[in-house]
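Trainee: I'm new to this one, so could we talk through how its helices pack?
Mentor: Sure, let's have a look.

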Amino acid sequence: MKRIVIGISGASGFPLATCLLNELKKMPDVETHLVYTYGAELTAKQESGYDPEQIRELADVCYDNYNIGAAIASGTFLTEGMIILPCSMKTLSGIAHGFSENLLLRAADVTIKEQRKLVLAVRESPLSSIHLENMLAVSRLHNVFVMPPLMTYYMNGSSGLEPITVSDMERHMVGKMLQPFGIEMEGFRRWT
């Protein structure tokens, strides 16, 4: 069983998080451990109408963000790593500077110190120098992948004429985020 910690911050992009969690639900050998911020609750309501109970139902295990004593706060709790999707600039800053004021940040800190894989789907545009410096700082750490959820257009059909939907782009991005964990998502299309 692969355990993956999923963090959701308050940045825009909650539908990507639901796409990720729904894809992982289809995989019987993956167990998801979810932690999300209050900002994520607000964004989820705005972008999808999800309430906290519906968010919790997306994962196998869900933790209160203020429970610093939760399993995912300890390096002895074995996981494959963590994906933070979306990752706000506030969350990125906390990770870059070791400021573990809540469980989401503590779980990321543990992931880094244990040298497990950490995928940060950072969300902001335009990017300031501070954002870029924080991304550079974390990108220099072992097993940290800075992966902004950028649109791609090459996954359409071989003729190049098939329409690309937002859902296609979300699934493609989620497939890329699972690659560092050695997880191949069904239907993920690679460049050929």
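The questions below are about helix packing in this predicted model.

Trainee: Why is H4 called oblique to H6?
Mentor: Helix H4 (residues 89-96) and helix H6 (residues 129-139) pack at an angle of about 45°. Roughly parallel needs an angle under 35 degrees, and roughly perpendicular runs from 65 to 115. About 45° fits neither, so H4 is oblique to H6. Their axes lie 9 Å apart, and the crossing is left-handed.

Trainee: How do you know which residues make that contact?
Mentor: Contact means heavy atoms within 4.5 Å. On the H4 side that gives Met89, Leu92, Ser93, Ile95 and Ala96, and on the H6 side His131, Asn134, Met135 and Val138. They divide into six nonpolar, three polar and no charged.

Trainee: And what makes H4 oblique to H5?
Mentor: Same kind of reasoning. The axes of H4 and helix H5 (residues 103-113) cross at roughly 45°. That is not under 35 degrees and not within 65 to 115, so H4 is oblique to H5. These axes come within 9 Å, and this crossing is right-handed.

Trainee: Which residues of H4 and H5 make the contact?
Mentor: H4 brings Thr91, Gly94 and Ile95, while H5 brings Leu104, Leu105, Ala108 and Ile112.

Trainee: How many residues of the contact of H4 with H5 are polar?
Mentor: Two are polar, with five nonpolar and no charged. Gly counts as polar here, so Gly94 of H4 goes in that group.

Terms used. Residues are numbered from 1 along each chain as its sequence is written. This is a predicted model: local features need pLDDT of at least 70, side-chain atom pairs count only at pLDDT 80 or more; totals for chains, interfaces and linings use all residues. Side-chain values use heavy atoms; hydrogens and water are left out. Axes are lines fitted to C-alpha atoms, for helices over the stretch in contact, and angles run from 0 to 180 degrees between N-to-C directions. Helices (H or I, at least four residues) and strands (E, at least two) are DSSP runs, numbered from the N terminus. Angles under 35 degrees count as roughly parallel, over 145 as roughly antiparallel, 65 to 115 as roughly perpendicular and the rest as oblique. A crossing is left-handed if the near helix is turned anticlockwise from the far one by less than a right angle, and right-handed if clockwise.
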